[in-house]
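Subject: Structure handover

Hello,

I am passing this structure on to you. Please look through it first and then read the notes beneath it.

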Amino acid sequence: AAKEQGKNRFLTFETQMHEQLLNRLDQEARLRDAVRRGELRLHLQPVVGVAGGRMAGAEALVRWQDPEQGLRMPGSFIPLAEETGTIVDIDRWVLLEACRAVKRWQDEDPATAPAWVSVNLSAAHLEVPDLTDQVAHALSSTGLSPHCLVLELTETVLMRDLAVTAARLDELRELGVKIAIDDFGTGYSSLGYLRDIPVDVLKIDRSFIDGLVGNGRQQELVNAVIQLGHTLGLRVVAEGVEEASQLSLLTVMGCKFAQGYHLGRPEPAADLYSRLATPALHG
Ligand code: C2E
Ligand code: MG
Ligand code: MG
Ligand code: MG
């Protein structure tokens, strides 16, 4: 009887494994189809000029309108997309939609339009041989000026193979697009790559902005990073600004751009447009 029970336990375990596998395969398939079925949504979050308090640029952030689970945040599907390679299709879609949305806004109402849009690229994407062609195609098919496009990469991605990465980024920058280091300070930071890799924008990770108020040591650190960025001629953006007091400190430190819930949450591109564009243009 003990032997029988053991066998049943094993079967149950095997059934569970089997279910998990099927579940994963199902998720993978649904995610792969999401792009084709038009289930992805483009959200934009303003990047604000600290001096004037107005939107200067915007970051494109993807959402998945999952028919089974509702609106999903990137944290719940990007990791699977990265494992399976679907991320390349997702990023290509976001790139095109972001260029299209911002170009249209610039044409319709240049006074309120973001001067640039930044798009996140995954590690896998940097290895796609025709990445530069994809970017060139997104620009030419939408008419967006290359100077208005920023590609965001994390330190960890940039550090993978310095020589290959540098060559890749040179190609992209020859098109006229800008490169940003995303989540600066959280990866395997090495000053070496600031020397070797051509970048234009430095985004200070929100973990450095969180707890800034009342922490003198952290303030010195953030201040030093801002000055370093400016010395290197980079545009510095503080991420994750949630409070007015954080913004005040960053202003004193000379930080020129900030992004965060205090300044504007990510929202559908059309909603942001409705809120910010000149009222006469959309009734
Ligand atoms: P990220 O590129 O660092 O984007 C900033 C994230 O911080 C966004 O989360 C944004 O909603 C959130 N955020 C902005 N302001 C605040 C704030 O004041 N407080 C807090 N707590 N959070 C804030 P989201 O949209 O969930 O995206 C998470 C990450 O997913 C992004 O981090 C990016 O790495 C990745 N991601 C998003 N869209 C794409 C995409 O189209 N392609 C790729 N490859 N990755 C993407
Ligand atoms: Mg980003
Ligand atoms: Mg970031
Ligand atoms: Mg981040």
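The notes below cover the metal sites, the strands around them and a surface patch.

This is a predicted model, in which local features need pLDDT of at least 70 and side-chain atom pairs count only at pLDDT 80 or more, while totals for chains, interfaces and linings use all residues. Residues are numbered from 1 along each chain as its sequence is written, chains are lettered from A and ligands numbered from 1 in the order in which they are written, and side-chain values use heavy atoms, with hydrogens and water left out.

Metal sites

The magnesium ion (ligand 2) has as protein donors Glu59 (OE), Asn120 (OD1), Glu152 (OE) and Asp182 (OD), at 2.0 to 2.2 Å. Donors here are N, O and S atoms within 2.8 Å of the metal (3.2 Å for Na, K and Ca); water is not among the atoms, so sites may look incomplete. Along the chain, the donors of this ion follow the spacing E-x60-N-x31-E-x29-D. Asn120 lies in strand β4 and Asp182 in strand β6, so the pair ties together parts that are 62 residues apart in sequence.

For the magnesium ion (ligand 3), the protein donors are Asp182 (OD), Asp183 (OD), Glu239 (OE) and Glu239 (OE), at 2.0 to 2.7 Å. The donor residues of this ion are spaced D-D-x55-E in sequence. Asp182 bridges the magnesium ions (ligand 3 and ligand 2), which lie 3.7 Å apart.

Asp182 is buried, at 7% relative accessibility. Asp183 is partly exposed at 24%, and Asn120 is partly exposed at 25%. Buried means under 20% relative accessible area, exposed over 50%, and partly exposed in between (1.4 Å probe, protein chains only).

Strands

Strand β5 (residues 149–154) has 5 of its 6 residues buried. Strands are DSSP runs of E, at least two residues, and helices are runs of H or I, at least four, numbered from the N terminus. β5 pairs in the parallel sense with β4 (residues 116–120) over 4 bridges and with β6 (residues 178–184) over 5 bridges. Pairing requires at least two DSSP bridges between two strands. On the β4 side, Val119 stands opposite Leu151 of β5; Val150 has Lys178 in β6 as its bridge partner.

Surface

Leu22 lies in helix α1 (residues 2–36) and is partly exposed, with a relative accessible area of 47%.

Regards
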